[in-house]
Amino acid sequence: MDRELLIEIGCEEIPASWLPGLTRQVGEQLDARLKEFRLNTDAKTETFSTPRRLTARVAKLAERQEDFEELVTGPPVSAAFRPDGDPTPAAAGFARKYNVEVPALERHDTPKGTYLAYRVHQRGKATVDVLAEVMGSLLRSLTFPKQMRWDAYLEDGKGDLVFARPIRWLVLLYGGRVVPFVIRRTEIAQGPTVQDVRSGSNTYGHRFLTTSGRAGRAIKVKTFEDYQSRLLENFVILDRPERESKIRRELEMHARKLGGRVSGLVAAQSSLLQEVPDLVEYPSVIAGHFPVEFLQLPEEVLTTTMIHHQHYFPVVDDEGRLKPAFLAVINMQAEKPEIIARNSERVLTARLRDARFFYDQDRNVTLESRLPRLSTILFHKKLGSYKEKADRVASLAAWIARDALRQPDAATHAEQAGRLCKADLATDMVRELTELQGTMGGIYAREENLPVEVWKAIYFHYLPIGIEAEAAPTAAQLGKAAVTWAAVSLADKLDSVVGMFAAGERPTGSRDPLGLRRQAQGAVKILIDLPELTGLDTRVTLGPLLSRAAEPFGGYGESAAPLLTFIADRLAYLLEQRGFDVRSVRAVMHAGIEQVSPLAARRKLDALAHMTGSPALLGVATLLKRVKNITKGIAAPASLDAVREVVREPAEQALAAEMGTRAPMILAAAERGDFREAFTAIAALQPAVAKFFDDVLVMAEDERLRTGRLGLVATLRDLILGIADISEIVND
Amino acid sequence: MTFQDLILKLSSYWASHGCLLQQPLDLEVGAGTSHPETLFRVLGQKPWSVAYVQPSRRPDDGRFGQNPNRLFKHHQYQVILKPSPDEVQQLYLDSLEACGINPRQHDIRFEEDNWESPTLGAWGIGWQVLLDGLEITQFTYFQQVGGIDLAPIACEITYGLERIAMFLQRVDNVFDLEWGGGVKYAEVRLQEEIDQSKYAFGQVDMPAEEFAALHRDLFDKNFAFAETLLASGLIWPALEHTLKCSHLFNILDSSGSVGVTERTAYILRVRQLAVKLARAYVEANEPKAEVQ
C-alpha cells in the first residue's frame, strides 16, 4: 500500500532570493533520490517553502523498494572448464562467491564471447528502512549561492553538513510515522545549548502570532493536510501563490483607499513583487505617508529609497505622479497596524531627509570639479581608477560620434558627457544609493544647466539593460540627445568589455560578476536598433569599433580570440532572442565578427525571414554549398572578362552574362541596405546556376577551361558571401 | 528608556544569560569586531561568551553634527556567543523584549545581510534585523577570521544603540536623545562630533600634503612596530598597533589623501598583519589545533 511522505526542513531565515531556486532543487533532488533508491511514486512530488521551511510531500510512495536484479558476469566459458569438463579455479571461485554450484550459473552471450554469469536477486527493503538514507542524500545534494558551516555533520562519512542557514528542526513522516534521522553536531560545539537535530513530527508556526497558547510552540502533525491546516491556524501560509495573491489583493485595496495605484515602476525597475512573498510567512499590507515637502526631491530618489532600500511600494495618482504615501508588506497580522505604520514612516522620512541633505550638498559642487576625486575610486586593479576610465570613455565616445556614427557635431557633447558620466560616483547620493549611478549624474548635470544632449547621455548611459527592441531608453525619452547618448553608452560598455578581457577577467559559466555579458549585449543592441533610437541609418562595423576601444590597453593582446568569440556569441544570442532562425543568424555572421555590422545583420535577417521557403533562394543556397566545396582555396579573378573569353558552353556563357547584369544590382542593393532586393536578385540567379551545374563539368581536363570555370563559380561565391553565407540555411 | 538605561538593560540581560561583561576597547576602532574579545576569542575551540559596548569611529560617516542619523562615532552593543546556541535567535528576540520592544506589536524580520571585512580577512553569514523597517542589529555567524576557518562557529550580535534608543524614545534626531538623567546626547557628544568630523575631512591648520604625510608616517611607524611586536610574540599589543594602522588608513581615506593603487595596498598590508595575528593567536592558545 502506498503511503504519504512528508519532509519539512525547518531553518532559520533563508535569503528570499534563494527560496524559489532552493524549493525547485528540493523537488528535483527528492525525485532523483527516490528513483535512485528504487522507490516508486504514483503522484508528483509537491514542494513548498517559507523563509523558515523547505517542505516536500509525496502523496503516494510505495511501501517497499522495487526488487533489484543484476546479471554479474564471471570468467569466459572458454576459460571456465578444463578439457575433462571440470570447472577451472576461476569458475569455481566465481560460483563460490555467490554461494552456488557451477552448473547453476547462467551462460551469457556478449559480442566478446560467452561468459558464465550469475543473476543477483535482491529483494527491495521496506521504505521506512531506506528513507533515512534518502533524507541524508537529499540534504547533501542541495547547493547554495553561499553556504555556511554550523557545526553539523551527517553520519555518512562525508563530514560537515553545510547549509543555507542552521537547520533547527526536521519533520520526516512516512505514513504518519516518524522516520528516525539525525543531524549530528560536532563534538567541540555540542553541549547543553547545542544539540543534535532529530527528525520528529513537530513543526513550528509563526514566530510571533498564534491563536492559542504560546507563539512558536511545537505543533504535532501527522499528515500533509493536517500539517498545512495547522500551520495556517498558526499564521503560516505555506503556499507561495496564496501569499502572493494576498499581498496583491491588499496592495490594491490600500492603494485604492489612498486614491491611487501601485507605481508601475515597481515591476519595471525591481523584482520587489517577486521577492516579498519569500520574505514573509503571513503577509499583510500597511499604508503610510511621508511629508509632502519631500516630493520636491527627484522622483528617482524617492522611488529608489522606497523600493530598493525599504522594500516599500510607491503609490501614484491617475496621472502617474507620486503621492506622498507608500505601502509596506509586513510579516504580521498586527493588532495595531498604525504603530508599525508610524514607525515605518519615521524610517522612511529619516532616509528621505538624508537624501535631501545629499541632494542639497551635492549640488554645491559641479560634476566637473569632482573629477579629481574619481582618481581615488578604483575601477579595476589592472585598468586603473574611474578617472582613467572616464578619460578613455570620453575619447572613445568622441571618436564613435565623429568616425563611427559620422556625426561630427555630436563629438564635443559626447566627449563632455563621457568625461562626466562617472563623476556622480563621488557624490554622497550615489555613495548612499548606488542604484542611482548615472541617473543621479544626469540629474545633477541637468541642474547645472548643461545641454540636454549631455545630461541625458549621462542619465541613460548605463542603459539599455534589456535586449528587446522596446527596452529603455526609447527615442522619445532620448529626444535630441540620442546620438550623443549612443556614443557615450557604447563607449562605456565597449571600454569595460574590451578592457576587462584585456585584464584577464572573462565570464565563465554562470559567473559574470562584472556583468560583461549584459554590457556587450547592450552595445550590440544600440547598434542594431540605431535607426529607431537615433534616426541614423549607419551600419557600424564591429571590427574598427572594438580595435579603437582596445587602443588604450595596447590592443587586444592575448584576449583577441576569446573577446571576438564572446562578442559574436552575444550578438548571435540577441538575434536569436529576437526570433531569428539560428541558421540564418550563422549565415549573416559567417564573415567573422569583425566584419559584421549588427544593423546590417538585422536587416539581412529580416529579408531572409521574408523569403523563408523561397525555392529559388534555397536552390542557390544548395548549389552554393557545392560551389564552396569545389572552390576551396581558389581566388576569384579580378574580372569576368577573361573568363568569358575562355568558356564556350551555352550554360556557362549564360551564367557569366547573368552575373554580369545581376552583380551590380546585387551590390548596389546591398550598399543601400536593401537586402530584400539583394536576396531577390540572388534568387533570380537560380535557373542559370542550376543549368550550369546540369550541363557543365567544372573540373574539365583542359586546364584553361577548368581555371576559367572555377573562376566563374568563385566569382559567384564571393558575390553571395559578400552578403551572407546562405548555404547555412539549407536543411542538411 | 534613556541611552544609558538601554545599555544597562542589555548588559543585565546578557549577563544573566552567561555572558562576561567586558569593557570597550580603549582604542580608536570602526566596530566591535576589532576588539580582541571578538577578534581573538572567536578563534580556536574554547567556549567564550561576552558582551560589551564599543564606541565605533567611522571617519567617512562624520557629518559635523549636522545629520540627525549619521555620526563619526556611534555606539555598538556587541555580544559574542561561542559556540552559537541553537536558540540564539530567540535569545536575541527576548533581549529586545527586555528592552521594552514587544515583538507581537511590531514587524521584526531577519533579512539576508552577510558581513565581510577585507582588512581582517574575516567574513560571516547572517542577517540585518529590521524593526518596523529600521535596521537595528547585525546578526552574523562568523565563518572565517584572519583567513582561518572557525570551529565551533561563533555568533556575533551587534546592536546599533543610537538607533534602538531613538526608536524607543521616539526622537528623529540622534542629538535629541536623552543620554541619562535629563542630559541630552548633544550635550554629551555634539562638540566631539564637530571636531572629529573636521579632523576626519582634513580641516586642520596644516597643508593637505603635510596632513597626508604625517598620517602616512604614523601608519608606517605603527605598522613596523606591530610587526616587531608580533615577531616578539606579543600578540595583544601587536593587535593594538594593527588597529591603529587601520584607523589611520580610514583617516587617510576620508580626507582624500590616498589614490587608488595606494588604497588597495594599504588594505592589503593591514590584512596581512591581521592574518599573521590570527595565526599567532591560534598557535599560542591552541597548541594542538591544526593551523592552515
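Of the 292 residues in chain B of this predicted model, 49% count as buried. Chain B is built from eight helices and eleven strands. Its radius of gyration is 19 Å, close to the 19 Å that the globule rule gives for 292 residues, so chain B is as compact as a globular protein of that length. Taken along the principal axes, the C-alpha atoms of chain B fill a box of roughly 55 × 50 × 30 Å. Many contacts in the chain span a long stretch of sequence: among those between residues at least 6 apart, 65% join residues at least 24 apart.

The domain assignment divides chain B into domain 1, residues 3-200, and domain 2, residues 208-285. The centres of these two domains, taken over C-alpha atoms, are separated by 24 Å. Where they meet, 22 residues of domain 1 of chain B are in contact with 22 residues of domain 2 of chain B. On the domain 1 side, the touching residues comprise twelve nonpolar, seven polar and three charged ones.

Chain B also touches chain A. This contact takes 36 residues from chain B and 44 residues from chain A. Four elements of chain B each supply at least two residues of its side: the strands β4 (108-112), β6 (122-131) and β7 (134-145), and the helix α8 (260-285). The largest share comes from β4(B), with four residues. By class, the side of chain B that touches chain A holds 14 nonpolar, twelve polar and ten charged residues.

Chain A is assigned five domains. Domain 1 of chain A is made of two segments, 3-64 and 126-233, and domain 2 covers residues 68-122. Domain 3 runs over 240-362, domain 4 over 375-602 and domain 5 over 614-729. Between the C-alpha centres of domain 2 of chain A and domain 4 of chain A the distance is 70 Å.

One strand of chain A can be followed residue by residue. In strand β11 (residues 197-200) of chain A the side chains alternate between two faces. V197(A) and S199(A) point to one face and are buried, whereas R198(A) and G200(A) point to the other and are not. Strand β11(A) has two partners to consider. With strand β8 (residues 167-174) of chain A, β11(A) pairs in the parallel sense over two bridges, and L170(A) stands opposite S199(A). With strand β10 (residues 182-185) of chain A, β11(A) pairs in the antiparallel sense, again over two bridges. There, I183(A) has V197(A) as its bridge partner. The buried residues V197(A) and S199(A) thus appear in these pairings, V197(A) opposite I183(A) and S199(A) opposite L170(A).

The last topic is the nonpolar interior. The largest nonpolar core has 276 residues, of which L327(A), A397(A), I400(A) and A487(A) touch the most other members. Helix α17 (residues 482-502) of chain A gives the largest share of this core, 14 residues. Leaving aside neighbours within four places in sequence, A487(A) is in contact with A397(A), I400(A), A401(A), L405(A), A410(A) and A414(A). Two of these contacts, A397(A) and I400(A), are themselves among the residues that touch the most other members of the core. Apart from this core lies another, of seven residues, including A91(A), A95(A), L105(A) and L116(A).

Methods. Residues are numbered from 1 along each chain as its sequence is written. Chains are lettered from A and ligands numbered from 1 in the order in which they are written. This is a predicted model: local features need pLDDT of at least 70, side-chain atom pairs count only at pLDDT 80 or more; totals for chains, interfaces and linings use all residues. The radius of gyration is taken over C-alpha atoms; the globule rule is 2.2 Å times the number of residues to the power 0.38. A residue is buried if 20 or more other C-beta atoms lie within 10 Å of its own, exposed if 12 or fewer, and partly exposed in between; C-beta atoms are placed from the backbone. Two residues are in contact if their C-beta atoms, placed from the backbone, lie within 7 Å. Two strands pair if DSSP finds at least two bridges between them. Domain bounds come from an automatic or database domain assignment. Ala, Val, Leu, Ile, Met, Phe, Trp, Tyr, Cys and Pro count as nonpolar, Asp, Glu, Lys and Arg as charged, and the others, Gly among them, as polar. A nonpolar core is a set of buried Ala, Val, Leu, Ile, Met, Phe, Trp, Tyr and Cys residues joined through C-beta atoms within 7 Å.
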